[in-house]
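This report addresses strand pairing and charged side-chain contacts. Please keep the sequence and the structure at hand while reading.

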Amino acid sequence: MIVALAMLWLWRRVPSSSRVQQRPVVMQFNTPRPTSPQANITPETTMGRQMPGGPLEPSDPRWKEREMKRRIDPQYEWKMPINFYGRVVDENEQPVSGASIAAQWSDLSPNGATTETSVSDNQGFFSITGKTGRGITILISKDGYYTPKRQQISFDYAGFWEADYYVPDPNNPVVFHIRKKNQGEALSSGEIRPTIPADGTPARFDLLNGGTVSPDGQLEIAAVTNTEQYPPRIFNWRATILVPGGGLIEHNAEFPFEAPEGGYQPSVEFDMPTNAPDWKRVIEKSYFIEFGSPPRYGRIQIRLNGGSQKASVSYWVNPTGSRNLEASSNEQVSSR
């Protein structure tokens with residue numbers, strides 16, 4: 001007992017930092033740890049899909065399907081089932097009945113194409129079904145209406161990569177717009193093709209009197225352009241279009257039948273130095289124009305060629321002061 005008490009007294013006098021703590025030894029081996037069954041499997045990625053008119057997407061499985069079909073039948077693309085669903089509406093999205101539908105689809109017939117005509121029903125709907133071929137073209141027309149040119153009329157059934165690829169859906173018909181002709185007016189209209197001085201001297205044209213050159217003209221064009229018979233690929237040139245006492249508004253409307261009431265700028269300028277990033281030899285623009293007091297309105301389509309001093313101007317002017325620029329149906333456009 002005395003020996004035990006002595007050892008306890010000595011142990012307590014040893015600093016705690018000097019004590020050695022014994023821990024169990026763990027043997028470590030370089031044995032690979034078991035892996036998850038999914039660890040060596042590439043995560044599934046979303047399969048790419050070729051978008052119509054888009055960049056090539058080779059992972060789309062339809063490319064392989066196409067090659068297989070072509071090996072079996074090289075002409076299979078001209079044997080696709082063709083079903084087309086459409087609807088005709090006016091500029092106010094109202095259905096147009098009785099519109100003429102001219103359909104033509106490319107196929108393996110002796111003529112290479114087959115045609116069929118139809119008409120839209122009371123709600124503007126129509127369909128072309130039960131045909132076979134590669135693609136179809138749809139032309140819409142009706143007396144008393146304009147047919148826009150800026151809408152898709154061709155539809156491809158085989159080329160899923162083509163911009164005009166079409167997947168028919170009877171619940172989602174293709175909508176075709178036509179514009180009703182309104183009461184037109186007698187416009188002063190025509191076309192002039194003047195040669196513009198190359199030294200910047202302005203030339204004025206009277207759009208109310210056949211586009212003749214006149215100091216009282218409503219349209220002025222001035223340009224500093226190339227004078228060489230064989231101009232270089234790129235050269236310096238500039239041009240100005242001016243409406244004295246009035247102005248211009250650029251537009252891109254297919255049916256520019258109503259001139260804006262305001263917002264016109266007196267002139268527009270084009271500067272084409274050789275280092276211009278958007279350098280062009282030819283400029284083509286469309287404008288509404290306003291001139292005079294009281295104001296009168298019109299529209300022009302102008303083409304300027306900096307390499308030849310040539311210009312072309314088509315114009316429609318309402319001499320009454322009305323902003324209505326839709327020509328009457330019996331009006332003939334003169335050329336000068």
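Is Arg66 buried or exposed? In this predicted model, Arg66 is buried, having a relative accessible area of 14%. The cut-off behind this statement is a relative accessible area under 20%.

## Salt bridges around Arg66

The structure contains 13 salt bridges. In one of them, the side chain of Arg66 meets that of Glu67, with an N to O distance of 3.7 Å. The two partners can be placed by their accessibility: Arg66 is buried at 14%, whereas Glu67 is partly exposed at 35%.

This pair also belongs to a network of salt bridges, which links Arg66, Glu67, Arg70, Glu77, Arg134 and Asp156. As a general principle, side chains of opposite charge can pair when their charged atoms come close.

## The Asp60 and Arg62 pair

Another salt bridge is formed by Asp60 and Arg62, whose closest N and O atoms are 2.8 Å apart. Asp60 is buried, with a relative accessible area of 1%. Arg62 is likewise buried, with a value of 15%. Both values fall in the buried class because that class takes in any relative accessible area under 20%.

## The open sheet

An open sheet is built from 5 strands in the order β10-β19-β18-β17-β15, and their pairing is antiparallel. The edges are occupied by β10 (188–192) and β15 (247–250); each has a single partner strand, so one side of each is left without a neighbour in the sheet. From one strand to the next, the twist averages 20 degrees.

At the β15 edge, 4 bridges connect this strand to β17 (residues 282–291), and the two run antiparallel. Within this pairing, Glu250 has Tyr287 in β17 as its bridge partner. In general, strands of a sheet pair through backbone hydrogen bonds, in either a parallel or an antiparallel manner.

## A salt bridge between two strands of the sheet

Which residue forms a salt bridge with Arg303? The partner is Glu284, and the closest N and O atoms of the two are 3.6 Å apart. Arg303 lies in strand β18 (residues 296–305) and Glu284 in strand β17, so this salt bridge ties together parts that are 19 residues apart in sequence.

With regard to accessibility, Arg303 counts as partly exposed at 37%. Glu284 counts as exposed at 57%, because the exposed class begins over 50%.

Key
Residues are numbered from 1 along each chain as its sequence is written. This is a predicted model: local features need pLDDT of at least 70, side-chain atom pairs count only at pLDDT 80 or more; totals for chains, interfaces and linings use all residues. Side-chain values use heavy atoms; hydrogens and water are left out. Two strands pair if DSSP finds at least two bridges between them. Axes are lines fitted to C-alpha atoms, for helices over the stretch in contact, and angles run from 0 to 180 degrees between N-to-C directions. A salt bridge is a side-chain nitrogen of Lys or Arg within 4 Å of a carboxyl oxygen of Asp or Glu. Buried means under 20% relative accessible area, exposed over 50%, partly exposed in between (1.4 Å probe, protein chains only).
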